[in-house]
Amino acid sequence: MIPPVPLASGMRRVARAYIIDHDTGVESQVGLLSASVEVDAGSDCRRVVSAQLVDVDPRLLTPPHRLRVEAGYVWGGVEYVAPVHVRIGKVARTNQRVWSLSDCRSFEAIVKGDRFVEPRRLEGGASIVETIRALILEAVPWARVEATCTYDASIPRGGIVAAEDRWGTIVGRDESLATAISADVYCDGAGTFRITDVPTIETPGWDATRCTESWSRGLDGSTVVNSWVAHSDNPDVSPVRGIAEDIDPFSPTRISRWGRVTKFHASPLYSSDEQCARGARTLLSKTRGVTRELSIETVPNWWADVTEPVQVETDLGVESHLVDRVTVRVEADPQSDAVAMQLRSRLVGVSA
């Protein structure tokens, strides 16, 4: 991961594209004119890529072949490059030379499409992390799945029945496996499925205080939730409950300033008070804060993840944000001025 850094003399941007034959794994480098990516924590597929390509064999531009774009910069004689790896989506030819790709999605789309053809029983006592891993690998046998989350739990005795949606069973809010262990499950830019802890403002993040170009402010009072209660609705589990509330003195939506706005969440996968408390804290981390739109003038970090906080300097002071969406466009021409990143985030703290 390459953090945003201020533009500096001598920096040279680089961008490359490859088409990967899904059947053979053979990679073919193609010409790249431009590319853009949206990384959105609220979408089923974390990454959606569009690109304009040249010098490409048309036979390669068909799903389920894959696209990998590598972008970064050279600075001080060292190349800092990271990939975005997605499945080819829509293809159009804009003239005799240029091919336009759009709606190229990361590999969560494969898991989402592989729905259960009959109800699936998830047996009690099984590790939730290992169950998530097994469900992903059933749909994408060639996938890499890495678990770094610090918490795991067992499926409660008696098990549960998952109906039609495999990806919803893994990451849906109400009764998902990920919510039950406060985990974030997604596919990263390199194509690896990650089972990680949900980010909080304490998670190490970007310091972009020197490269913020502009920002806008807004608050929709109807969307503020600063208190969550999580509990089990499993008849085989003794009543368990956990509560999380926004009491951070630096938070703009803290209870002492805003009043208590509470939502409830029930899941048959909760089996202890500790697990419910973790679930409530995770849900709170996704709803607290004031919405901001930021534009950061920096070397593009368009494979950046929304799992990282960002600190920026505004006329109110140094603001701490949790990022929900990143949108960046990169031009292959190293002389291009297209270097801005747009972030949709939630302001969760201010210090003078």
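In which strand is the place of Arg 121? Keep that question in mind while the whole chain is still on screen, and remember throughout that the model is predicted.

**The whole chain**

Begin with a cartoon view of the protein chain, whose secondary structure comes to six helices and 21 strands. The radius of gyration of the chain is 22 Å, close to the 20 Å that the globule rule gives for 352 residues, so the chain is as compact as a globular protein of that length. If you turn the C-alpha trace along its principal axes, you will find that the trace spans about 65 × 55 × 35 Å. Switch next to a surface view, where the accessible surface of the chain comes to about 15900 Å², with 48% of that area belonging to carbon and sulfur atoms. Buried residues make up 51% of the 352 residues, and among contacts with a separation of 6 or more, residues 24 or more positions apart account for 73%.

**Arg 121**

Now select Arg 121, and the opening question is answered: the place of this residue is in strand β8, residues 120-122. Arg 121 counts as partly exposed, because its relative accessibility is 43% and partly exposed covers the range between 20% and 50%. Leaving aside residues up to four places away in sequence, Arg 121 touches Gly 158, Gly 159, Ile 160 and Val 161, a run that can be selected together with the arginine. For a sense of distance, add Val 69, which is 52 residues from Arg 121 along the chain, and draw a line between the two C-alpha atoms, which are separated by 39 Å.

**Arg 13**

Move on to another arginine, Arg 13, which lies in strand β1, residues 12-20. With a relative accessibility of 14%, Arg 13 counts as buried, since buried means under 20%. Select Ala 71 as well: Arg 13 and Ala 71 are 58 residues apart in sequence, and their C-alpha atoms are 7.7 Å apart in space.

**Backbone details**

The next stops are best seen with the backbone atoms shown. Select Pro 63 and Pro 64, where the peptide bond from the one to the other is cis, with omega near 5°; Pro 64 has its place in the loop between β3 (47-54) and β4 (66-75).

Go then to Asp 103, which lies in strand β7, residues 99-105, and has a positive phi of about 55° although it is not a glycine. At 28% relative accessibility, Asp 103 counts as partly exposed.

Ser 182 also has a positive phi of about 55° without being a glycine, and its setting is the loop between α4 (177-180) and β11 (183-187). The relative accessibility of Ser 182 is 4%, and the residue therefore counts as buried.

**His 231 and its neighbours**

Select His 231 in strand β15, residues 227-232. His 231 is partly exposed, with a relative accessible area of 21%. Its contacts, not counting residues up to four places away in sequence, are Val 240, Arg 241, His 265, Ala 266, Ser 267, Tyr 270 and Cys 276. Showing Gln 275 as well brings in a residue 44 positions from His 231 along the chain, with the two C-alpha atoms separated by 9.1 Å.

**Val 306**

What does Val 306 touch, once residues up to four places away in sequence are left out? Its contacts are Val 39, Asp 40, Ala 41, Arg 46, Val 323, Asp 324, Arg 325 and Val 326. Val 306 has its place in the loop between β18 (290-297) and β19 (309-314), and it is buried, with a relative accessible area of 5%. Ser 176, 130 residues away along the chain, has its C-alpha atom 20 Å from that of Val 306.

**The second largest pocket**

End the tour at the second largest pocket, which has a volume of about 380 Å³. To find it, select Thr 200, Glu 202, Arg 281, Thr 282 and Ser 285, which lie nearest its centre among the 19 lining residues. Then colour helix α6 (residues 273-287), from which the largest share of the lining comes, five residues. Colouring the lining by residue class shows six nonpolar, five polar and eight charged residues.

Note on methods. Residues are numbered from 1 along each chain as its sequence is written. This is a predicted model: local features need pLDDT of at least 70, side-chain atom pairs count only at pLDDT 80 or more; totals for chains, interfaces and linings use all residues. Side-chain values use heavy atoms; hydrogens and water are left out. On a 1 Å grid over the protein atoms alone, a cavity is a set of points where a 1.4 Å probe fits but cannot get out, and a pocket is an open set with protein on both sides within 12 Å along at least five of seven lines; lining residues have an atom within 4 Å of a point. Grid points are joined across faces, edges and corners, and a volume is the space filled by probe spheres set on the points. Helices (H or I, at least four residues) and strands (E, at least two) are DSSP runs, numbered from the N terminus. Ala, Val, Leu, Ile, Met, Phe, Trp, Tyr, Cys and Pro count as nonpolar, Asp, Glu, Lys and Arg as charged, and the others, Gly among them, as polar. Buried means under 20% relative accessible area, exposed over 50%, partly exposed in between (1.4 Å probe, protein chains only). Contact means heavy atoms within 4.5 Å. The radius of gyration is taken over C-alpha atoms; the globule rule is 2.2 Å times the number of residues to the power 0.38. Accessible areas come from the Shrake-Rupley method with a 1.4 Å probe; for residues, only the protein chains shown count as cover.
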